[in-house]
Amino acid sequence: MKVSRRGMLAGAAAAGAAGVAGAIGLEGRSDAATAGQVGETGQGRAQREPVELTWFGTHAWQIRCGKSVVLTDPWLTRFHTGTFTPEGADPKSKLVIKPDVIDKHLGAADAILVHHGHYDHMADVPYVAKKTQGTVLCTETHANLLRAMKTPNELLSPVRGGEYLPFEGFTIEVFPSLHSCGGKRHTYAYPGYRYDVPPRPRVIEDLVEGGTLAFVITIGGVRILSLSTANFDPNALRDLQVDVVLAAPGGEPGITDRLLRTIKPVTKVVATHWDDFDKPLDEPGVPWTDLTPLRTSVEKTGAEFVVLDHLQKVTL
């Protein structure tokens, strides 16, 4: 295992979540990936190579192996919305993009995976896509919103779940998924779809959920299941074999337990989307919730629970 860290976990723990100050690091991969899944192109089991994960807060991950780079929901601008205050997010918060912040951290991408259309997942995608010329995998609603935000159409690849997409150096499998629900009515913010290109989004409520996707990235011989919320589609993921899961808090009690019963056993679960994203990216992450329930769900299966802080890297 090789971990490059910035001394941030101590700060995150001091911010008030005992569940954050846990095990850091990955000790290699499991043998969960079968030859049938990793080698569907007829090449057999992929050769094991180092895979580097970098976390930019929320569900923004950079996954790098050699020259291959995959980004998930690359939102680095992090403008103020009030999401985690008692009053909640102001739906009229203006969308802001800070190119200097993005340029500081992101340089290249072969694929950009959009899991759902909310601002904390998609607002920076137009700039990142134009900068990197990466292929953007997203639903048709996301594509229409991105077109409205002046994303070049030739970079957009709408998907719906079920696709197996080979790229040079990695493959992407697409699965239908679900956004987490909360409150008495089991709802989530800004639902809806866009079947045509709308007026340019100006405020956060303009970026609707638009369908939620899950992705499996097979890179360097490692299979990574990427989930942007605590919820998932059990029919789509039943008996799925992966090595690492990116899992979000907020679904307890029960949803994470159900997830880990639905897929084949894994050895590593990496916490994602646990930070208050009104806070700066260049400071230690401040948890918006206690990670202890997520940790408990993971560790009772015998898997390792892994937490990274802002800008931290881990090599699988």
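**Figure 1. Glu299 and Arg295 share a salt bridge in helix α9 of this predicted model.** Here we look at a pair within one helix: Glu299 and Arg295 are four residues apart in helix α9 (residues 292–299), which means about one helical turn separates them. The closest N and O atoms of the two side chains are 3.4 Å apart. The partners do not have equal exposure to the surroundings: Glu299 is partly exposed, with a relative accessible area of 42%, whereas Arg295, at 14% relative accessibility, counts as buried. If you are curious about how many salt bridges the structure holds, the number is eight. Two others have their own views below.

**Figure 2. Asp103 and Lys131 link two helices.** In this salt bridge, the closest N and O atoms of Asp103 and Lys131 are 3.2 Å apart. Asp103 belongs to helix α3 (residues 99–105) and Lys131 to helix α5 (residues 125–132), so this pair ties together parts that are 28 residues apart in sequence. Both ends fall into the partly exposed class: Asp103 has 35% relative accessibility, and Lys131 has 32%.

**Figure 3. Arg223 and Glu173 form a buried salt bridge between two strands.** The closest N and O atoms of this pair are 2.7 Å apart. Arg223 sits in strand β11 (residues 222–226) and Glu173 in strand β9, so their contact ties together parts that are 50 residues apart in sequence. Are these two charged residues buried or exposed? Both Arg223 and Glu173 are buried. Their two strands are worth a look of their own, and the next views turn to them.

**Figure 4. Strand β9 pairs with β8 and with β10.** Start with β8 (residues 164–167): this strand runs antiparallel to β9, and four bridges connect the two. Pro166 faces Thr171 of β9 across this pairing. Two residues lie between β8 and β9 in their hairpin, and Gly169 in the turn has a positive phi of about 100 degrees. With β10, strand β9 makes eight bridges, again in the antiparallel sense. Thr171 takes part here too, with Thr218 of β10 as its bridge partner. Why can β9 be called largely enclosed by the rest of the structure? Seven of its eight residues are buried, so that description follows.

**Figure 5. Strand β11 is covered on both faces.** Val222, Ile224 and Ser226 are buried on one side of β11, and Arg223 and Leu225 are buried on the other. This fits a familiar pattern: in a regular strand the side chains alternate between the two faces of the sheet. Five of the five residues of β11 are buried, so the strand is largely enclosed by the rest of the structure. Which strands flank it in this view? Antiparallel to β11 runs β10, joined to it by five bridges, with Phe215 standing opposite Ser226. The hairpin of β10 and β11 has two residues between the strands, and Gly220 there takes a positive phi near 60 degrees. Strand β12 (residues 244–247) pairs with β11 in the parallel sense over three bridges. Within that pairing, Leu225 has Val245 of β12 as its bridge partner.

**Figure 6. Four basic side chains gather on the surface.** Lys130, Lys150, Arg200 and Arg202 make up this patch of positive charge. To place one of them, look for Arg200 in the loop between β9 (170–177) and β10 (212–219). Arg200 is partly exposed, with a relative accessible area of 36%.

**Figure 7. Thr58 and Leu311 have positive phi angles without being glycines.** Thr58 has a phi of about 40 degrees and lies in the loop between β2 (52–55) and β3 (61–65). With a relative accessible area of 0%, Thr58 is buried. For Leu311, phi is about 65 degrees. You will find Leu311 in the loop between β14 (304–306) and β15 (313–315), where its 13% relative accessibility makes it count as buried.

**Figure 8. Thr262 and Arg238 meet across a stretch of sequence.** The two residues are 24 residues apart in sequence, yet their C-alpha atoms are 5.0 Å apart in space. Thr262 is part of helix α8 (residues 255–262). At 6% relative accessibility, Thr262 counts as buried.

How values were computed:
Residues are numbered from 1 along each chain as its sequence is written. This is a predicted model: local features need pLDDT of at least 70, side-chain atom pairs count only at pLDDT 80 or more; totals for chains, interfaces and linings use all residues. Side-chain values use heavy atoms; hydrogens and water are left out. Patches are made of residues with over 30% relative accessible area and no salt bridge: like charges are joined within 9 Å, nonpolar side chains (Val, Leu, Ile, Met, Phe, Trp, Tyr) within 5 Å. Accessible areas come from the Shrake-Rupley method with a 1.4 Å probe; for residues, only the protein chains shown count as cover. Lys and Arg count as positive and Asp and Glu as negative; His and the chain ends are not counted. The place of a charge is taken as NZ of Lys, CZ of Arg, CG of Asp or CD of Glu. Buried means under 20% relative accessible area, exposed over 50%, partly exposed in between (1.4 Å probe, protein chains only). Two strands pair if DSSP finds at least two bridges between them.
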